[in-house]
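This briefing introduces the structure shown below to a reader who has not met it before. Please keep the sequence and the view at hand while reading.

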Amino acid sequence: MNTIKSGLIVFLYLFSNVCAAAEAGQAMESKPCVLPVADGSDITPTEENLRGIIVKARSSYIQLKTDDSDNIVNVKLNSKTGYFTIFGGDFVASDLQKGQEAWVWYRDCRKENKNLPAAVVQVYSLDPDDINPERSGLEK
């Protein structure tokens with residue numbers, strides 16, 4: 001009888017550790033996605049999926065030269081994409097221009113959704129000649 005009790009205790013201990021590890025893994029995978037909003041918010045947005053300089057802008061997509069790899073990335077846009085400046089103002093897709101610094105968030109803040117239209121495109125300024133002080137020394 002003691003052997004059965006000991007075995008059961010070991011089983012329950014191992015089972016509870018496996019369950020706790022699985023829950024921790026799920027919690028890490030499912031951190032909340034916080035997108036930027038017009039006129040700011042008290043809540044800090046999730047880190048962007050892409051950041052770079054717009055090299056081509058059309059009504060249905062932009063091409064972005066990314067800061068991290070200098071690759072040119074096509075970013076799809078649609079009527080559900082949100083457009084904001086970092087100062088909080090919203091704008092329309094036709095205001096996107098070559099030379100603007102841009103941040104992109106995909107749906108659910110997941111890079112895996114890169115083939116879907118962007119959830120949010122945020123620019124430093126609508127004027128491509130406005131330089132973000134954080135970009136000093138970076139090529140535009």
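Is C109 buried or exposed? In this predicted model, C109 is buried, because its relative accessible area is 14%, and the cut-off for a buried residue is under 20%. The points below begin with C109 and another loop residue, and then turn to the strands β1, β2 and β5.

**Loop residues with a positive phi**

- Most residues other than glycine have a negative phi.
- C109 has a positive phi, near 60°, and is not a glycine.
- The place of C109 is the loop that runs between β5 and β6, the latter formed by residues 120–123.
- D70, likewise not a glycine, has a positive phi of about 60°.
- The loop that holds D70 lies between β2 (61–66) and β3 (72–76).

**How the strands pair**

- Strand β1 comprises residues 50–57, and strand β5 comprises residues 101–105.
- The pairing of β1 with β5 is antiparallel and has four bridges.
- β1 also pairs with β2 in the antiparallel sense, here over five bridges.
- The connection from β1 to β2 is a hairpin of three residues.
- One of the residues bridged between β1 and β2 is I53, whose partner in β2 is K65.

**L50 in strand β1**

- L50 belongs to strand β1 and has V104 as its bridge partner in β5.
- The C-alpha atoms of L50 and V104 are 5.0 Å apart in space, although 54 residues separate the two in sequence.
- L50 counts as buried because its relative accessibility is 13%, and buried means under 20%.
- Leaving aside residues up to four places away in sequence, L50 touches L64, T66, V73, V75, A102, W103, V104 and Y106.

**E101 in strand β5**

- E101 is located in strand β5.
- With a relative accessibility of 5%, E101 is buried.
- The side chain of E101 makes a polar contact of 2.7 Å with the side chain of R51.
- R51 is also among the residues that E101 touches when those up to four places away in sequence are not counted; the others are G52, I53, Q122, V123, Y124, N132 and R135.
- I53 thus appears in two settings: as a residue touched by E101 and as the bridge partner of K65 in β2.

Terms used. Residues numbered from 1 in each chain as written. Predicted model: local features only at pLDDT ≥ 70, side-chain atom pairs only at ≥ 80, totals over all residues. Heavy atoms only, no water. Helix = DSSP H or I, 4+ residues; strand = E, 2+ residues; numbered from the N terminus. Buried < 20%, exposed > 50% of the residue type's maximum accessible area, 1.4 Å probe, protein only. Polar contact = N/O pair within 3.5 Å; in protein donor to acceptor, adjacent residues only side chain to side chain. Contact = heavy atoms within 4.5 Å. Pairing = 2+ DSSP bridges.
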